[in-house]
Every structure is written in structure tokens, then in C-alpha cells.
Amino acid sequence: MVSLSPRTRRAGLAALAVLVLAGLAAVAWPDGAGRAGRVLNRISSAQIAAGVGWTHRWTAAPDGATDAAGNQWDADTAIVQGGSAPRALAAGSPAPYRYTRSGTLVFTLPVPQPGTFAVILSLAAPERGPAPEAAVTVTLAGGTARTVRLAATGAGRVRHAVALAPVTGDAVSLTVGDLHNLAGVAAVTATMARTGTDELKAELAEEFDGPAGTALLPGWRHETGGGGWGNGELQEYTQSAANGALTGDGRFAITARGDRGKYTSARLRSAFEAQYGRIEGVMQVPSGRGLLPAFWMLGADVATAGWPDAGEIDLMETLGAAEPGVVHGTFHGPDGSERGWERPFTARPAGGPDRGMHRYGLEWWPGVLQWSVDGVVQATLRQEDLGARQHWVFERKAYLLLDIAVGGRWPGTPPPATAFPQTMYVESVHWWR
């Protein structure tokens, strides 16, 4: 890529085929700001009127706290029962996370109206040594229990678990227990995610059924062409069945081909665009160097807003043999610069991303993004985690993309040892809302 962030390579040529998350906040263009502009950091007035985006925060700190973004966190004494008294953690943690409660905790969180709320539990890691994979069990008022698994992290860090709670009254009730490899619950946040209380439904449910060799699928379209895609990439994307087609056994094969320095591949984007939800793709990627298989999202208005102002979410990227066993997940947004801000994370799915199918997921609700691999939470980003010049642009519609890029600044030119063709098999893509 051109001195731009890793994903610019794909978002590049913004007017061509990339998108933004449409419908968030107003966009204001300061004098002389150029294309970077400034995206206002707020939820739309229509959402506020509907209640979506309403947020309240509580902390185990006895006197409450104010975070770096200026948000007020109330002391949790009125909304928690059971467990231990607040215990101070080592110095250096952000203000809302300097105390923690352990044991079985029963929370009753007052909310303004019925709906479905995203509850974010901020969980303290053990204070000494690195923290291995952890887990917490969340039981809702109706008895539905879910165990959230959390990837390993460094000592002293706080990890977050997101749970959806439908509410028909005026409070979210949940029990938190079975804390494994965790020091306790440091804080809890409730955000209204939906006005309804019904179960999530798969509005996009692609199982890739159909005759082998079918290249054009209802609900998807091929983005075609070459020109580097903003990253100096070498492939030309085509809609040929040789580059992208059903296998006949419930998979879609995206195949990168090379012949005497000329490369072709396929890039699919979903016709479905939406805001918020639970997204998941199941796929197996190739292992060759110089390739960049990806499952990612762009804001639906990227052609007008530009990148990075449109926002980008990478659910899976991998460099194959250049980084054996590693997958990347990254969030991108604007900060007034050409590159924008990014939050990169990595994971190591069991056996490696090129050995069997793996699940790449995203929980996306107002003010929060949570990335998972094979059901294990790898990273959570919240609006309040951003710096002063970093703008949150994830309150607008987005769409999905699947592709294999060849060469470019990231991952580099394929060496002679990379044998073509190289294929990514996609088993399913779902978007629940």
C-alpha cells in the first residue's frame, strides 16, 4: 500500500468499489482539510429518539470514576449483589478499572425502556504474570446461560465480554459467575442495541449451495478490474468461474491464478448492507506467500465519504507462509490524516487458518465492536477507547467482502516457491440482526 494502513490496499481507489459505514453522524469538512475531513463522533438523532445507543456505565470503584473520554461511571453499589467487596488493583489501570469484584455477582441494571441491550462486562486479568485464555459465564433473567471465552492477554489488562439481553421491563438482570483465569468484574456497561426483544434473525444466510461452476450468485456481485487497488497489488479481479465459483458441495472457491507474472483472482461483495448485528464467516485460506486472503467490511458510502472516513473492519486477513498460523483482525477509522487510525490484533486458530475451516465473527452494536475467532473473543473496541482526534464511524451501514489479493506492499510479491493456483474455500456467511 502507499504509506497507507494495511487495509487501504483494498479500500484504495475508493471511488471504484469500496464502501463506508453509511448513516452514522454528519460529516463536516473543515477549511483546507482535504479529503480526510472530520466525522462527528455521535449517534444520529433518529437513533437517539428510538432509544438505540442509550448507554450507562457502572464501576466497582467505590466513588465512581471518569474515564479519559470524559464519560461518568457510577459506583456499582446500587446495582450489584453477592460476590466480594471491591478490591483495589495495581496502580496504572484506567480509572473505571482500578477496582474489581469477584465471586458470583447478580446485576440489576436500570434501563429507560424495553428493548435488547448489549451488556459489556469489563473483566480484570490476574495481576501477576501473563493471563492465559479465560472464561466467564453470564446467565440472563430467563435462565439462558452463555459462557464467553476470552483469548490470552498480558498481565494487568482488562478484557471485555459482550452479552445481549432482551428486556421487557425496566431493568437488565443477569448473573455473572464461573470466572476462570480472571481477577473479577471491574465495570459493566449497558447500551441499547435494538428496540425489539425478539431473537436475532439471519437476514443474510449464505450457505453457497448450488451447481459446481456457478460464478454469479444472487445477493453477491463481483468487483472486477486491476490497477493495484491502492496497494500496488498485482491481480486483476474477474468474474470468471476459474477465479470464483461454487464447488458443488456447499462451498465457494475464490482462486488466485498466476501465469508468467500475470495474476487473476476474484472479489465478492454482498448486496446486503446493514447496521449492527452478529456477523460470521466460515472459511479455509491458502498458505502461499505473497497472497492476502480476506473477509472484511466497508462502510456503504465509501464512494462519497472516502477512506478511511468510511470506516473498515477486517474480520480475517492472513499472510500465509510469511506468518504461519496467524490471522489478523483490524479496525480502521479517520483521525484527520491520510492513514487514519487503526487497531490491529492477531489470533492463532487451532491447527492454522489453512488447515480446515475456521469461524471469524464480529459482534457489532452501538459504540462497540468485538472480534472473535472460532468462538473465542480476541479483541473488543469501544467508542470511549479512541483518542481525542480519532473518530468513531461505526454507526452506519456496511457491507461484506471476500477476496484474495496477490502481491502489493502488504504482503509483498509472491516468491517462486508460491505455486499457483491458490484457493480460499468459503463455507458460509451469516449476518444476524
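Colleague: Before we look at this predicted model, which range of relative accessible area counts as partly exposed, and where does Asp385 fall?

Modeller: Buried means under 20% relative accessible area and exposed means over 50%, with partly exposed in between. Asp385 is therefore partly exposed, as its relative accessible area is 29%.

Colleague: Thanks! Which residue forms a salt bridge with Asp385, and is that partner buried or exposed?

Modeller: The closest N and O atoms of the salt bridge are 2.7 Å apart. Asp385 also belongs to a network of salt bridges that includes Arg57 and Glu384. The partner has 3% relative accessibility, so it counts as buried; it is Arg382.

Colleague: How far apart in sequence are the parts tied together by Asp301 and Arg396?

Modeller: Asp301 and Arg396 form a salt bridge, with 3.7 Å between the closest N and O atoms. Asp301 lies in the loop between strand 24 and helix 4, while Arg396 is in the loop between strand 30 and strand 31, so the pair ties together parts separated in sequence by 95 residues.

Colleague: And which residue forms a salt bridge with Arg359?

Modeller: Arg359 counts as partly exposed, at 35% relative accessibility. Its salt bridge has its closest N and O atoms 3.1 Å apart. The pair links strand 28 to strand 23, 79 residues apart, and the partner in strand 23 is Glu280.

Colleague: Now a puzzle: why does buried Asp335 have no salt bridge?

Modeller: A salt bridge needs a side-chain nitrogen of Lys or Arg within 4 Å of a carboxyl oxygen of Asp or Glu. For Asp335, the nearest side chain of opposite charge is Arg389, at a distance of 6.1 Å.

Colleague: Which side chain, then, makes a polar contact with the side chain of Asp335?

Modeller: Asp335 sits in the loop between strand 26 and strand 27. It touches Gly340, Trp341, Arg389, Gln390 and His391, leaving aside residues up to four places away in sequence. The polar contact, at 2.5 Å, is with the side chain of Ser337.

Colleague: Let's turn to the sheet. Which strands are at its edges?

Modeller: The open sheet has 7 strands with antiparallel pairing, in the order 17-22-31-24-25-26-27. An edge strand pairs on one side only, and these are strand 17 and strand 27.

Colleague: Last one: in strand 31, what is the bridge partner of Arg267?

Modeller: Arg267 and Arg269 point one way from strand 22, with Leu268 and Ser270 pointing the other way. Strand 22 runs antiparallel to strand 31, and 3 bridges join them. Arg269 has Leu401 as its bridge partner there, and the partner of Arg267 is Asp403.

Note on methods. Residues are numbered from 1 along each chain as its sequence is written. This is a predicted model: local features need pLDDT of at least 70, side-chain atom pairs count only at pLDDT 80 or more; totals for chains, interfaces and linings use all residues. Side-chain values use heavy atoms; hydrogens and water are left out. Helices (H or I, at least four residues) and strands (E, at least two) are DSSP runs, numbered from the N terminus. Buried means under 20% relative accessible area, exposed over 50%, partly exposed in between (1.4 Å probe, protein chains only). Lys and Arg count as positive and Asp and Glu as negative; His and the chain ends are not counted. A polar contact is a pair of N or O atoms within 3.5 Å; within protein, one must be able to donate a hydrogen and the other to accept it, and residues adjacent in sequence count only if both atoms are side-chain atoms. Contact means heavy atoms within 4.5 Å. Two strands pair if DSSP finds at least two bridges between them.
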